[in-house]
Amino acid sequence: MSTPLVIVGAGGFAREVAQAVGDLAGQWRLMGHLDDNPALHGTEVDGVPVLGGCDAVPGFPERTRFVVCAGSPRDYAVRARLVRRLALPPERYATVVHPSAVVSASSAVGPGAVLLAQCVLTAAVQVGAHVAVMPQAVLTHDDVVGDFATIASGVRLGGGARLERGAYIGAGALVREYTMVGAWSLVGMGSAVLADVPPGEVWAGTPARRLRAADRPALDELAGGATDAAGQDAVTGTGRQPAIRRGTPVI
């Protein structure tokens, strides 16, 4: 029996995920969207109903799974805020992987993450919780992607690259092997990252260079990203490393 699924958000990313869920015939039973825009309540988005606001989450049965699908370059910290607000345990989040995505047996993907069409994880790639990987992105050997990162369409990560928590990599950008993009930093579309990007900054160009500090929502997350006494992340309930183990099946 397919598992009931609710998509939190009803914007562009959420609509893309709904289409991916439809392509996963039989795995999920899509119940609808939740969105805090009251004008959407009771309407349909691409034929999928908007069931209400995010405050409705506690009313769903325990078996229901959720995936948070919000964010844009203007506010790429919104997924972290929503996950914190929902306060669900990791096992209540779905991991959605489009059937055309390629995930190697040595790679693993965390709860709440989304991999859209034709993205590739080649060997021993670690993808954390609530990560968004857009179509045709390629993550090569030993890449590590922290919780809440966003990888836009057509991105290429060289081997051993590391994206820290909440990093946003714009469409078509290239990240050199063994290079790090710091927490809550943004790399502009089409950029070539040849050197480490510090946390909380915006870089762009070829080669990429610092433009300015990140916007306030990202900086607020950077300032508040603490763990509890047990080393658990305050939002995801996991450690600072991505919430995955190599060989963990994608569900």
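Which residue in strand 2 is the bridge partner of proline 4? In strand 2, proline 4 has arginine 29 as its bridge partner. The views below go through this predicted model one close-up at a time. Local features need pLDDT of at least 70, side-chain atom pairs count only at pLDDT 80 or more, and totals for chains, interfaces and linings use all residues. Residues are numbered from 1 along each chain as its sequence is written, and side-chain values use heavy atoms, with hydrogens and water left out.

**View 1. The whole chain, before zooming in.** The protein chain comes to 3 helices and 24 strands; these are DSSP runs numbered from the N terminus, helices being H or I with at least four residues and strands E with at least two. Of its 251 residues, 53% are buried (buried is under 20% relative accessible area, exposed is over 50%, partly exposed is in between; 1.4 Å probe, protein chains only). About 10600 Å² of the chain is exposed, with 55% of that supplied by carbon and sulfur atoms (Shrake-Rupley method, 1.4 Å probe; for residues, only the protein chains shown count as cover).

**View 2. An open parallel sheet of 3 strands.** The strand order is 2-1-5, and the pairing is parallel. Strand 2 (28–34) and strand 5 (65–68) stand at the edges with a single partner strand each, so one side of each has no neighbour in the sheet. Neighbouring strands here are turned by 25 degrees against each other on average, direction ignored. Strand 1 (residues 3–8) pairs with strand 2 over 6 bridges in the parallel sense; strands count as paired if DSSP finds at least two bridges between them.

**View 3. Helices on the sheet.** Helix 1 (residues 12–23) lies across strand 1, strand 2 and strand 5, and runs at about 165 degrees to strand 2. Helix 2 packs on the sheet too, touching strand 1 and strand 5, and its direction makes about 150 degrees with that of strand 5. Contact means heavy atoms within 4.5 Å. Axes are lines fitted to C-alpha atoms, for helices over the stretch in contact, with angles from 0 to 180 degrees between N-to-C directions.

**View 4. Threonine 95 in its loop.** Threonine 95 sits in the loop between helix 2 (78–86) and strand 6 (96–97). With a relative accessible area of 5%, threonine 95 is buried. Its side chain reaches the backbone oxygen of glycine 110 at 3.0 Å. Alanine 113 is 18 residues away from threonine 95 in sequence, yet their C-alpha atoms are 5.1 Å apart.

**View 5. Arginine and aspartate pairs.** Side chains of opposite charge can pair when their charged atoms come close. The structure holds 10 salt bridges (a side-chain nitrogen of Lys or Arg within 4 Å of a carboxyl oxygen of Asp or Glu). One of them joins arginine 81 to aspartate 75, with the closest N and O atoms 2.6 Å apart; arginine 81 is partly exposed at 35% relative accessibility. Another links arginine 212 and aspartate 215 at 2.9 Å between the closest N and O atoms. Arginine 212 is partly exposed at 39%, and aspartate 215 is partly exposed at 32%.

**View 6. A salt bridge within helix 3.** Aspartate 220 and arginine 216 meet through their side chains at 3.6 Å, N to O. Both lie in helix 3 (residues 216–224), 4 residues apart, or about one turn of the helix. Aspartate 220 is partly exposed at 44%, whereas arginine 216 is exposed at 54%. Elsewhere, salt bridges with shared partners join Asp36, Asp55 and Arg85 into one network.

Technical notes
Polar contact = N/O pair within 3.5 Å; in protein donor to acceptor, adjacent residues only side chain to side chain.
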